[in-house]
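Biologist: Could you take me through this one? I'd like to hear the reasoning behind each label.

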Amino acid sequence: METLLKNTFLFLSKNRFANRTAKKYGLRLGAQRFVAGEQIMEAIAAVRELNNQGIVVTLDHLGEFIFTEEEAAELTDCCIRTLDEIASSGVNANLSLKMTQLGLDISRELCMQNMRKILDTASKHQIFVRIDMEDYAHNEISLAIFEELRKEYGTTIGIVIQAYLYKSEQDIDRLHAYRPNLRLVKGAYKEPAEVAFPKKEDVDSNYIKIIEKHLLNGDYAAVASHDDKIIEHVKKFAKEHQIPNSQFEFQMLYGIRTGAQQELAKEGYTMRVYVPYGNDWYGYFMRRLAERPANVGFVIKSMFKK
Ligand code: FDA
């Protein structure tokens with residue numbers, strides 16, 4: 001049943017008609033639990049609230065199904081505006097983005113041009129920008145773009161490695177030359193067994209393996225997981241190997257395990273919450289439901305609450 005629900009939500013996340021219909025209803029479908037608002041100032045208010053609890057943030061302007069240069073330019077402007085608002089409001093946040101939003105499926109050149117505009121602004125404000133990792137079809141090109149931009153923009157840029165891919169360990173070795181700041185995740189897309197571990201236990205053990213490898217390499221790790229087993233393992237491993245707290249951080253998604261987020265911050269770890277905002281929230285929301293169909297219960301409750 002859980003697998004059926006998971007696949008249904010992943011299918012819905014890619015459905016353009018459902019996406020358009022959902023946008024009309026705004027954040028009323030229960031998505032407000034996972035999305036900070038439709039406008040930048042609502043997102044900044046959410047960041048402030050988290051900062052007041054000792055939690056730092058990465059902001060993400062949502063946007064999917066980009067087919068024209070104009071749409072890519074609009075989303076590029078949204079990223080630039082987000083950076084400007086972070087700088088002018090003085091909140092403690094950086095930026096996460098998806099390169100398909102910036103026209104990667106239209107052309108690599110267009111995406112690079114838009115990435116450079118964003119990174120010029122980020123460098124000016126000294127704000128870090130992370131490229132989220134999307135599905136396997138975009139994996140190699142994303143890594144190649146990261147390598148090129150890392151040479152131009154230095155430590156302003158980081159990327160994500162997904163433990164469910166067989167190639168992730170090799171990618172950690174490949175990227176080590178850049179001493180990269182990597183977000184390490186289990187992986188959120190539906191991928192075939194040719195490229196990704198089908199079994200959860202194999203994903204989990206590969207996740208531990210790549211986290212340990214990256215930390216022992218002396219590189220900065222953003223461990224993005226809600227899984228207590230992983231979090232406890234990282235804490236213990238860091239202590240045993242004298243890895244300072246300044247070499248890693250924990251990350252979780254907005255609205256998920258908020259108590260655990262506060263606990264980690266109180267324990268003295270850097271806790272960063274991924275705060276998405278914008279009116280194109282539908283695909284993101286469906287992927288959160290797919291990850292944990294139990295969330296549907298919360299959503300149904302919130303739909304009936306005033
Ligand atoms: P997993 O789903 O394996 O669950 C393990 C345990 O965690 C559960 O048994 C439960 O105890 C707890 N848990 C999980 N979800 C919970 C919930 N909603 N409520 C309560 N407890 C819960 N993916 C990707 O492909 N590319 C990317 O760029 C990113 N970026 C990203 C950023 C951040 C900040 C996060 C946290 C995650 C991502 N991901 C991602 C998503 C990631 O790949 C993965 O799909 C999810 O984090 C789910 O995996 P977990 O490691 O959280 O635990």
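Biologist: Which strand gives the most to the shell around the ligand?

Modeller: That's β7, with 3 residues; strands here are DSSP E runs of at least two residues, helices are H or I runs of at least four, and both are numbered from the N terminus. This is a predicted model, where local features need pLDDT of at least 70, side-chain atom pairs count only at pLDDT 80 or more, and totals for chains, interfaces and linings use all residues. Residues are numbered from 1 along each chain as its sequence is written.

Biologist: What makes β4 mostly covered?

Modeller: A residue is buried if 20 or more other C-beta atoms, placed from the backbone, lie within 10 Å of its own (exposed: 12 or fewer; partly exposed in between). In β4 (residues 157-162), 6 of 6 residues are buried, with I157, I159 and I161 on one side and G158, V160 and Q162 on the other.

Biologist: Why do β3 and β4 count as paired?

Modeller: Pairing takes at least two DSSP bridges between the strands. β3 (residues 129-131) and β4 run parallel with 2 bridges, so they count as paired. R130 has G158 as its bridge partner.

Biologist: And what handedness does the unit of β3, helix α6 and β4 have?

Modeller: Right-handed: with the strands pointing away from the viewer, the path from the first strand over the helix to the second runs clockwise. The crossover from β4 through helix α7 (residues 168-175) to β5 is right-handed too.
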